[in-house]
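Hi,

Here's the structure I promised to pass on. Have a look at it first, then read my notes below.

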Amino acid sequence: MKLYKILILFSINFIIAVLSTEETSVKCGACMLVVREFEKAIKAVDPKKMTTVGSFRVDPKGNQKGLVEIPFARSEAHLQDVLEEVCEKSKKYTQTIHPVTGKKTYIHEEIIVEYKRIPGMSNKLHSACIDFVDDNDSEIIKFMQKEAEDTLRDLCHDKLGLCTSVDVSPFPDPTPNDDELDTPSYNDDLGNDEL
Ligand SMILES: *[C@@H]1O[C@H](CO)[C@@H](O)[C@H](O)[C@H]1NC(C)=O
């Protein structure tokens, strides 16, 4: 009964916050989704996995360079595969208030568990994602091929200008794993409890 009341209070506060807050554009949300999902997909590949790519370039002395080995994770073949599926991830995204900037933004629901999905949002994000990938696929591949400190800012803000510098502020690190905590996490309780 008590938890139920807390949940209602949370929901009311959340709705008020949502209605009165500045919002990250859906185009920016699509760009951030793409970069975050690429980074996850790249991390999921064994860094020792290599692939051979053909190089037909000729050096100044007239010798063909031949074939080179590069890590599979950031190879064009892998990145193209990721690109094809990436917008499907929008179903797992939800809107929430950024804990640092106070701006309404888009985030994977596994990072923010205490808020409910806003209905209808994922369709909007999905079609913005499809448009973004169609329009800017070569830039996406180019940026994901090299490792950078903050690809989100580099691509979505500096290069494409789809996000403001406030939009690309990183989220604080997610709450630590359960096994690192002595007490059960309050956020987990709320996330698993359906109204
Ligand atoms: C692709 O990037 C350009 C900037 O180079 C931007 O103007 C355009 O809106 C982007 N396309 C989409 C659909 O987000």
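These notes cover the ligand site and then one pair of strands.

A quick word on the source: this is a predicted model, where local features need pLDDT of at least 70 and side-chain atom pairs count only at pLDDT 80 or more, while totals for chains, interfaces and linings use all residues. Residues are numbered from 1 along each chain as its sequence is written, and side-chain values use heavy atoms, with hydrogens and water left out.

Start with the ligand. Around it (a heavy atom within 4 Å) sit Lys27, Asp131, Phe132, Asp135, Asn136, Leu160 and Leu162. Helix H4, residues 121-145, gives the largest share of that shell, four residues. (Helices are DSSP runs of H or I with at least four residues, strands are E runs with at least two, and both are numbered from the N terminus.)

Three side chains make polar contacts, meaning pairs of N or O atoms within 3.5 Å. Lys27 has a side-chain N or O atom 2.7 Å from a ligand oxygen, and Asn136 puts a polar side-chain atom 2.6 Å from a ligand oxygen too. Asp135 reaches a ligand nitrogen instead, at 2.9 Å.

Now for strand S3, residues 93-97: five of its five residues are buried (under 20% relative accessible area, 1.4 Å probe, protein chains only). Tyr93, Gln95 and Ile97 lie on one side, Thr94 and Thr96 on the other. S3 runs antiparallel to S4, residues 104-108, with five bridges between them; pairing takes at least two DSSP bridges. Across from Thr96 you'll find Thr105 in S4.

Cheers

Methods. Polar contact = N/O pair within 3.5 Å; in protein donor to acceptor, adjacent residues only side chain to side chain. Buried < 20%, exposed > 50% of the residue type's maximum accessible area, 1.4 Å probe, protein only.
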